Amino acid sequence: MPKPVAKDATNSPPRILLGRIGPAVLLICLLLDITLRFLPPRLVSFRAWEPVTFLAPSTSPFNPNMAYSNKQSYGDLAGYANLPHLREYREEVFHTDAAGYRNRGAVVKPFQGILLTGDSFTAGSGISDEQTLSEQLQRISGIPVYNAALTPNLGGLLHDLQMTRGLVIWQVSERNPLPSSHFPPEPSWRTRLRRALGNERAETVFRMTNSLVIIRAYSPLQILFGRAVRLLQNDQILPNPYHGAAVSAKLRNGRETLFISTEVQNYALHRPADPEFLVQLNTQLQKQGLGLLVLLVPDKYFVYHDLLLKVPPHTEHRPFLDVVEQRLAAANVPVINLSTRFRKQAEALLDHDQYLYWMDDTHWNAAGIREAAQALADSKAVSECRCR
């Protein structure tokens, strides 16, 4: 009588376990990923920018009536390049008003004062409310200042504020191209949908569609897991593949700082410097009884180029902001170029281990903003606005 074939008592249980554990782990990860997507971004973000812009309406740069606070915020470049030893930890408090702009408190209408617009420098990336350009300028000048940074529609905002007197300050960063249009035309499909549904219903559809795309890409589980992996990618346990996200260099006092790569590239480039849009904007604002003042903010790399321990070659081209300043002045557009002022002040502060820009960020700090606010307050345009 043939003997029964013995079962593989060694391999069968592990196979059964793996067959059950594998799908269970995947299911748990899936459920965890879905659950964590309901977490507000402020709980997983190291700074304010992502939470305040998350699912913001198309009519404003930030979510209305937001309040964000973080005592352990740090710079974007240290985060992107995964260089925790270069982080400068600081408290960041960020509030927005009912219209979705970075202002504390309600605005009095009709607004008569200074409307300040620009990019993330004016918005105040990486700093607290009281350190923003708008609040520092208001304290120094005594004139009401409304922070309208990143506004998608300047004309519409001026109308909403009922602003018929005052000054518009337009901040331009060296790293960005000069504006050719403040509010680019919508894609044709959006225009057709507005005509079919009306502005309010179409806006609701746009926001819902945009929300679905953003929520799909937003994964706190992936963020937290990525941070855990980055702790090991420190060039000691594992290589750091993110180091190239920023350019690291030492200042002549031995302090290491970070620059965004586009600033380094722009330094040597001959770039278009046609300010026609700003010239036309000046004409339009004058017709409305408003003044315009253009504020030119240099890149961190331009300011500290000559203060590096190993000074790189100088550009053969005339500095970009100097060209823009000359052309605006020739067109009778009031302009302030901070380049020379910042370079001199940066050199004076260097021996005292003080700076105008964050060492771990591409943006200016409170000291740099104070310099800009003082330059604006001393200008003829702001003085005339104060006298009205």
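The following exercises, each with a worked solution, concern a predicted model.

**Exercise 1. The open sheet**

Determine the strand order of the five-stranded open sheet and state which strands stand at its edges.

Solution.
Step 1. The five strands are arranged in the order 4-3-5-8-9, and their pairing is parallel.
Step 2. Strand 4 (145-147) and strand 9 (335-337) each have a single partner strand, so one side of each lacks a neighbour in the sheet; these two strands stand at the edges.
Step 3. Ignoring direction, neighbouring strands of this sheet are turned against each other by 20 degrees on average.

**Exercise 2. Strands 5 and 8 and the helices packed on the sheet**

Describe how strand 5 is joined to strand 8, and state which strands helix 11 touches and which strands helix 13 lies across.

Solution.
Step 1. Strand 5 (residues 166-173) and strand 8 (residues 290-297) run parallel and are joined by eight bridges.
Step 2. At the residue level, Q171 has L295 of strand 8 as its bridge partner.
Step 3. Helix 11 (residues 276-287) packs on the sheet and touches both strand 5 and strand 8. The direction of helix 11 makes about 155 degrees with that of strand 8.
Step 4. Helix 13 (residues 320-330) lies across strand 8 and strand 9, and runs at about 160 degrees to strand 9.

**Exercise 3. A salt bridge and its network**

Classify R47 and E50 as buried, partly exposed or exposed, and identify the network to which they belong.

Solution.
Step 1. The side chains of R47 and E50 meet in a salt bridge with an N to O distance of 2.8 Å. The pair satisfies the criterion, because a side-chain nitrogen of Lys or Arg must lie within 4 Å of a carboxyl oxygen of Asp or Glu.
Step 2. Buried means under 20% relative accessible area, and exposed means over 50%.
Step 3. R47 has a relative accessible area of 9% and is therefore buried. E50, at 32% relative accessibility, is therefore partly exposed.
Step 4. R47 and E50 are linked with D76 in a network of salt bridges. The structure holds 13 salt bridges.

**Exercise 4. Salt bridges between parts distant in sequence**

For the pairs E88 with R255 and R90 with D360, locate each residue and state how many residues apart in sequence the joined parts are.

Solution.
Step 1. In the salt bridge of E88 with R255, the closest N and O atoms are 3.1 Å apart.
Step 2. E88 lies in the loop between helix 3 (76-80) and strand 2 (90-95), whereas R255 lies in the loop between strand 6 (247-250) and strand 7 (256-259), so the pair ties together parts that are 167 residues apart in sequence. R255 is partly exposed, at 27% relative accessibility.
Step 3. The side chains of R90 and D360 meet in a salt bridge at 2.9 Å, N to O.
Step 4. R90 belongs to strand 2 and D360 to the loop between helix 14 (339-350) and helix 15 (366-377), so this pair ties together parts that are 270 residues apart in sequence.
Step 5. R90 counts as buried at 8% relative accessibility, and D360 counts as buried at 0%.

**Exercise 5. Backbone conformations**

Identify the cis peptide bond, and give the phi values and locations of N82 and D353.

Solution.
Step 1. The peptide bond from K109 to P110 is cis, with omega near -5 degrees. P110 is placed in the loop between strand 2 and strand 3 (113-117).
Step 2. N82, although not a glycine, has a positive phi of about 55 degrees. N82 is found in the loop between helix 3 and strand 2, and is buried with a relative accessible area of 8%.
Step 3. D353 is likewise not a glycine and has a positive phi of about 60 degrees. D353 is located in the loop between helix 14 and helix 15, and is partly exposed with a relative accessible area of 45%.
Step 4. A glycine with positive phi, near 80 degrees, is G142, which follows helix 5. The buried residues of helix 5 (residues 133-141) include L133, L137 and S141.

**Exercise 6. A nonpolar surface patch**

Which residues form the nonpolar patch on the surface, and how is L31 classified by accessibility?

Solution.
Step 1. The patch consists of L27, L30 and L31, with about 290 Å² of accessible area together.
Step 2. L31 is located in helix 1 (residues 12-36). With a relative accessible area of 48%, L31 is partly exposed.

Methods. Residues are numbered from 1 along each chain as its sequence is written. This is a predicted model: local features need pLDDT of at least 70, side-chain atom pairs count only at pLDDT 80 or more; totals for chains, interfaces and linings use all residues. Side-chain values use heavy atoms; hydrogens and water are left out. Patches are made of residues with over 30% relative accessible area and no salt bridge: like charges are joined within 9 Å, nonpolar side chains (Val, Leu, Ile, Met, Phe, Trp, Tyr) within 5 Å. Accessible areas come from the Shrake-Rupley method with a 1.4 Å probe; for residues, only the protein chains shown count as cover. Helices (H or I, at least four residues) and strands (E, at least two) are DSSP runs, numbered from the N terminus. Buried means under 20% relative accessible area, exposed over 50%, partly exposed in between (1.4 Å probe, protein chains only). Two strands pair if DSSP finds at least two bridges between them. Axes are lines fitted to C-alpha atoms, for helices over the stretch in contact, and angles run from 0 to 180 degrees between N-to-C directions. Contact means heavy atoms within 4.5 Å.
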